[in-house]
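I sat down with this one and a cup of coffee to see what I could look up. Here are my notes, in the order I made them.

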Amino acid sequence: MKPLALALALSATPAAAQDLSLMLDWFVNPDHAPIIVAQEMGFFADAGLTVAITAPADPSDPPRMLASGQVDLAVGYQPQLHLQVHEGLPLTRIATLVATPLNCVTVLADGPVQSIADLKGRTVGYSVPGMETALMGAMLDRAGLSLDDVDLVNVGWSLSPALMTGQVDATLGGFRNFELTQMRLEGAEGRCLFVEEQGIPAYDELILLANPRTMDSDATARFVAAMEHGAHYILNHPDEAWELFRDTYPDLDDELNRQAWTATLPRFSQSPGAVDHARYARFETFLRDAGLTDKVLPVSALATDPGA
């Protein structure tokens, strides 16, 4: 083959797709819809990526697995990210998945707890130690109470059952797009005390994390752009997107996930790469003022837009 012909042949050969591993924060559910839709619609493939998506054995594993180089990307939570970076973990936010808080203090609608102040002397169930207990402490402080005024019990992921059976008087850590629907379907009416209405600054509930020491900036930017394509597809074609999600994970085709899907749609970021600097700065200051950290880090130490 002549040199020019050889060069043309080589240039026409498609480049091999780049592999990326992504660890979710929990098992697949509607919160992850932009990622799943991007995968199933071929948006990642169109971006030259092969993305391996896995769920963790333990929800606390993904950030540490990412920090140690076991995965390329991970789904995490903005509040935890602040504390993890203060602890020295090499993590940065590269995209926003769910752009509003989902966490809430869940109580029985007709129960004795109708406000944070009503928690005095009562039992609160939680699922993940650390940030959840810190948020509880901040909300109690605003109500003139402290963590000493409540009994905190780790109930694992049995938040709704623990509340409905009277094991606890309230829970923190359940997502408002799931827990209230689950309770209603099981014959109990719940009520959510929204954390952002109880003195906690608004934050991004679900975010995508990368290790700034090892991340491939170009591949990361392509991943975020493909995920944005997925979010836009869901917004424009919600019924078709649900059918795609349902057909991919038929075990999630039930009333709980159908209602959670609808409840979550307006909360997905439509500009996932963009960083809300004021939001991250406010939360960083809140943690310092609450005594949870000893200094305020610059936003650049916490978050980046890989496509900027």
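**Entry 1: pocket lining.** I sorted the residues that line the largest pocket by character and got 20 nonpolar, 13 polar and seven charged. I kept in mind that this is a predicted model. The space in this largest pocket comes to about 840 Å³. Its lining has 40 residues, and I noted those closest to the centre: Pro 59, Tyr 77, Val 128, Glu 132 and Trp 157. Next I asked which elements give two or more residues to the lining. I found α4 (61-67), β3 (73-76), α5 (78-86), α6 (131-142), α7 (159-164), β8 (170-175), α8 (179-185) and α11 (255-264). The biggest giver is α5, with four residues.

**Entry 2: helix α2.** Is α2, residues 33-40, largely enclosed or open? I counted six of its eight residues as buried, so the rest of the structure largely encloses this helix. The buried ones are Ala 33, Pro 34, Ile 35, Ile 36, Val 37 and Ala 38. After α2 comes Gly 42, and I wrote down its positive phi, near 85°.

**Entry 3: Leu 209.** I looked up this residue in strand β10, which runs over residues 206-210. Its relative accessible area is 1%, and under 20% counts as buried, so Leu 209 is buried. What does Leu 209 touch, leaving aside neighbours within four places in sequence? My list reads Leu 66, Asp 72, Leu 73, Ala 74, Gly 76, Leu 81, Thr 92, Arg 93 and Ile 94. I also checked Leu 209 against Ser 158: they are 51 residues apart in sequence, and their C-alpha atoms are 27 Å apart in space.

Key: Residues are numbered from 1 along each chain as its sequence is written. This is a predicted model: local features need pLDDT of at least 70, side-chain atom pairs count only at pLDDT 80 or more; totals for chains, interfaces and linings use all residues. Side-chain values use heavy atoms; hydrogens and water are left out. Buried means under 20% relative accessible area, exposed over 50%, partly exposed in between (1.4 Å probe, protein chains only). On a 1 Å grid over the protein atoms alone, a cavity is a set of points where a 1.4 Å probe fits but cannot get out, and a pocket is an open set with protein on both sides within 12 Å along at least five of seven lines; lining residues have an atom within 4 Å of a point. Grid points are joined across faces, edges and corners, and a volume is the space filled by probe spheres set on the points. Ala, Val, Leu, Ile, Met, Phe, Trp, Tyr, Cys and Pro count as nonpolar, Asp, Glu, Lys and Arg as charged, and the others, Gly among them, as polar. Contact means heavy atoms within 4.5 Å.
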